[in-house]
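Trainee: I have not worked with this structure before. Could we go through it together, a few residues and then the chain as a whole?

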Amino acid sequence: MKFIIKTFGCRLNIAESTEIARQLQEQGFSLAKNEIPDLVIVNTCAVTARAEQQIRQYVRKAKKLYPKAFIVACGCWVDN
């Protein structure tokens, strides 16, 4: 199964995304390079209204680009 991770925000989110990728690869997933992913992870940090807008735009774009992919959002935007 192929995955991609899109990270928005702070250094902590970058570190979290790296750890998520490592754990997925340990479970047999592989990073989609030029392939269509089966899983799209959106790691969010939404401290501003602009950041929230960018996240919503990316999620809509991902749904259009990868209609068969499972899309997961995590991070502080999800908590709002």
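Trainee: Is Val-59 buried or exposed?
Mentor: Val-59 counts as buried because its relative accessibility is 17%. Buried means under 20% relative accessible area, exposed means over 50%, and partly exposed lies in between, with a 1.4 Å probe and protein chains only. Please keep in mind that this is a predicted model, in which local features need pLDDT of at least 70 and side-chain atom pairs count only at pLDDT 80 or more, while totals for chains, interfaces and linings use all residues. Residues are numbered from 1 along each chain as its sequence is written, and side-chain values use heavy atoms, with hydrogens and water left out.

Trainee: Where is Val-59 placed, and what does it touch?
Mentor: Val-59 sits in helix 2, residues 49-65. Helices (H or I, at least four residues) and strands (E, at least two) are DSSP runs, numbered from the N terminus. Not counting residues up to four places away in sequence, Val-59 touches Val-42 and Ile-71; contact here means heavy atoms within 4.5 Å.

Trainee: How far apart are Val-59 and Val-42?
Mentor: From C-alpha to C-alpha the distance is 7.7 Å, with their positions 17 residues apart in sequence.

Trainee: Let us change to helix 1. Which residues does Ser-17 touch?
Mentor: Ser-17, which belongs to helix 1, touches Ile-5, Thr-7 and Asn-43, leaving out residues up to four places away in sequence. The side chains of Ser-17 and Thr-7 are also joined by a polar contact of 2.6 Å. A polar contact is a pair of N or O atoms within 3.5 Å; within protein, one must be able to donate a hydrogen and the other to accept it, and residues adjacent in sequence count only if both atoms are side-chain atoms.

Trainee: And is Ser-17 buried or exposed?
Mentor: Ser-17 is buried, at a relative accessible area of 6%. Asn-13 is likewise found in helix 1 and counts as buried at 5%. Beyond its neighbours within four places in sequence, Asn-13 has contacts that include Thr-7 and Asn-43.

Trainee: What about Glu-19 in that helix?
Mentor: Glu-19 lies in helix 1, residues 11-26, and counts as partly exposed because its relative accessibility is 31%. Its side chain makes a polar contact of 2.7 Å with the side chain of Gln-23.

Trainee: Now strand 1: which side chain makes a polar contact with that of Lys-2?
Mentor: It is the side chain of Ser-30, at 3.1 Å. Lys-2 is in strand 1, residues 2-7, and is partly exposed, with a relative accessible area of 26%. Leaving aside neighbours within four places in sequence, the residues in contact with Lys-2 include Leu-31, Glu-35 and Leu-39.

Trainee: Stepping back, how many helices and strands does the chain have?
Mentor: There are three helices and four strands, and from the N terminus on they run β-α-β-β-α-β-α.

Trainee: What is the radius of gyration of the chain?
Mentor: The chain has 12 Å, which agrees with the value near 12 Å for a compact globule of 80 residues. The radius is taken over C-alpha atoms, and the globule rule is 2.2 Å times the number of residues to the power 0.38.

Trainee: How much of the chain counts as buried?
Mentor: Of its 80 residues, 30% count as buried. As for contacts in the chain with a separation of 6 or more, residues 24 or more positions apart account for 74% of them.
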